[in-house]
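Biologist: I have a structure open on my screen and would like to know how its labels are earned. Could you walk me through the reasoning?

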Amino acid sequence: MNKITSISDVRRYFHSNKEPIYFISATNFNLLGIGDWVGNFRHINYIDCFDGRQKNVFVPKEKFPRDFESIEDINNYLLEHKEVIDYLKSRGGNGTASFLMFDEHTEEICRQLGLKVAFPPAALRNRMDNKIETVRIGNKVGVPSVPNVLAKVGSYQELQEVSRELGNDLVVQTAFGDSGHTTFFIANEDDYYKYAEEIEAEPEVKIMKRINCRGSAIEACTTRCGTVVGPLMTELVGFKSLTPYKGGWCGNEMFAGAFTQEVRDKAREYTFKFGEALRDEGYRGYFELDFLIDMESNDVYLGELNPRVTGASSLTNVAAFAHSDVPLFLFHLLEFSGQDFDIDIAELNDRWSHPDSIDSWSQLVIKHTDESVDLLTQAPQSGVWKMADDGSISYDHYSYHPHAAESEGEAFFLRISGVGDFRYEGADLGILITRGRLMDDDFQLTERAKAWIDGIRGQFAGQALQDPVVEEVAVNHAIGGGNFKIL
């Protein structure tokens, strides 16, 4: 194809794609439905969420017992698995690989397999993923963070000294890690000592004034033509019925009226600026920004950067604006395709900012929240579930796509933990995606959300572990390799 200059060109280019393109991750959650847009697109996953029913998902049948310590470990295991290598060869070898997370070892394996990695180098991405670096990049281009100091902390007294101007109610973040595990709320010395070991081990931490805020997320893609910006979404954070982690992400809502127009415009402006700054740093492609909205002043503050596809990508890529044009992720693939293009990004961003372009979707990430470990003997199927008038739910039919849920009385459920898996505190049970909102204007779960959570939890059943040896293995799994965010 000659130079791509329009959205219809982008559609046609990917529809007729012949080169194999893979998303390699623990599950296919983050890029649900992308295969509908991209020819020869396949998922290679560790977890079979669909019981073998989804034809563009490949999961190796033979699993070798091991405890993973990161998503990178899972991906490297997959790429070195004989069944995966044979699968790649059966599709002609070579191709393009995309990931949720990867490291230098992943890059080396891909070189050996003839796979091109559709992301900037892991070393650059790792530097961009640093929460301390995010603050500095934002400061350079006028994207403010919550009032903060960056400092090495060796004691509670040192914390008080460096943060004197921020008050006594503080939030401390380490440079890396999921916010549910690495964000510490400290109002006194007792609070500090709960997290002292983790804080003092860091060469530098981010110390913020604690504000009354609401979390939000916005995804974007920085390209040679400019930064494409998606809509601002609300975030579900720390709900005890969904996650055991205070401050832990557990879902999103997308709807046209999320926050005021002024806040939405400011978040989009900041995201565009930050995307342009990322390109100056050498970073290209998909990224997500968390913003904190001060509920008293309506100020918009930069929270953190995720230089990758994220858990919010499942909503960004299924919304009305994405289906009227193309999903945001296709701009990422285009940037790494080698194909020449020149698209009017300003015109696209203006169209995507219009309320009529945004329909309403919500998702819940449901974790096991009890301090218990058992073996699952029953788990719900992935697909479309229906809710009756009394709040009870029942399985309706198989589907791989959230759009199959046609009303707020239906939901698409993607099962993560299945029969034979250990169920432990923090384990991901599954993700529920539905039309409409699941929080009210006070950012509390609606009755419909609570009914879906209770209904899905009720579909799981487990067997207590009577054998001390098995229980020790399960507990080690829970506090070791299993206790990290795979989504």
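Biologist: What makes you say that Lys63 lies over the face of Tyr46?

Modeller: This is a predicted model, so every value here is computed from it. Lys63 is placed 4.3 Å from the ring centre of Tyr46, and the limit for a charge over a ring is 6 Å, together with an angle within 35 degrees of the ring normal. Arg125 is another case: its charged end sits over the ring of Phe119, 4.9 Å from the centre.

Biologist: Which residues form an aromatic cluster with Tyr46?

Modeller: Tyr46 clusters with Phe68 and Tyr77. For aromatic pairs, the count comes to 17.

Biologist: Why is the pair of Tyr156 and Tyr192 called tilted?

Modeller: The ring centres are 5.7 Å apart, and rings pair if their centres lie within 6.5 Å. The planes stand at 50 degrees; stacked needs under 30 and edge-to-face over 60, so the rest count as tilted. Tyr156 belongs to helix α7 and Tyr192 to helix α9, so this pair ties together parts that are 36 residues apart in sequence.

Biologist: How do you know whether Tyr156 and Tyr192 are buried or exposed?

Modeller: Buried means under 20% relative accessible area. Tyr156 has 9% and Tyr192 has 0%, so Tyr156 is buried and Tyr192 is buried.

Biologist: What makes Phe259 and Phe443 an aromatic pair, and of which kind?

Modeller: Their centres are 5.9 Å apart, with 35 degrees between the planes, and the pair is tilted. The pair links distant parts of the chain, 184 residues apart: Phe259 is in the loop between β12 and α10, and Phe443 is in the loop between β21 and α15. Phe259 counts as buried at 15% relative accessibility, and Phe443 counts as buried at 13%.

Biologist: Let's turn to the strands. Why are β6 and β8 said to stand at the edges?

Modeller: The sheet is open and has four strands in the order β6-β9-β7-β8, with antiparallel pairing. β6 and β8 each have a single partner strand, so one side of each is left without a neighbour in the sheet. On average, neighbouring strands of this sheet are turned by 20 degrees against each other, direction ignored.

Biologist: How do you know that β6 pairs with β9?

Modeller: Two strands pair if there are at least two bridges between them, and four bridges join β6 to β9. The two strands run antiparallel. Val149, for one, has Ile207 in β9 as its bridge partner.

Biologist: Which helices lie against these strands?

Modeller: Helix α6 packs on the sheet and touches β6, β7 and β9, with its direction at about 130 degrees to that of β6. Helix α9 lies across β7, β8 and β9, running at about 145 degrees to β8.

Biologist: How many disulfides does the structure hold?

Modeller: Zero. Cys110 is in no disulfide, and its nearest cysteine sulfur, in Cys221, is 19 Å away; a disulfide needs the two sulfurs within 2.5 Å. Cys110 is buried, at 0% relative accessible area.

Biologist: What makes a bond impossible to assign for Cys213?

Modeller: The closest cysteine sulfur, in Cys250, is 14 Å from that of Cys213, which is too far for a bond. Cys213 has a relative accessible area of 25%. Partly exposed is the label between 20% and 50%, so Cys213 is partly exposed.

Key: Residues numbered from 1 in each chain as written. Predicted model: local features only at pLDDT ≥ 70, side-chain atom pairs only at ≥ 80, totals over all residues. Heavy atoms only, no water. Phe/Tyr/Trp six-rings, centres within 6.5 Å; stacked < 30°, edge-to-face > 60°. Buried < 20%, exposed > 50% of the residue type's maximum accessible area, 1.4 Å probe, protein only. Axes fitted to C-alpha atoms, helices over the stretch in contact; angles between N-to-C directions. Contact = heavy atoms within 4.5 Å.
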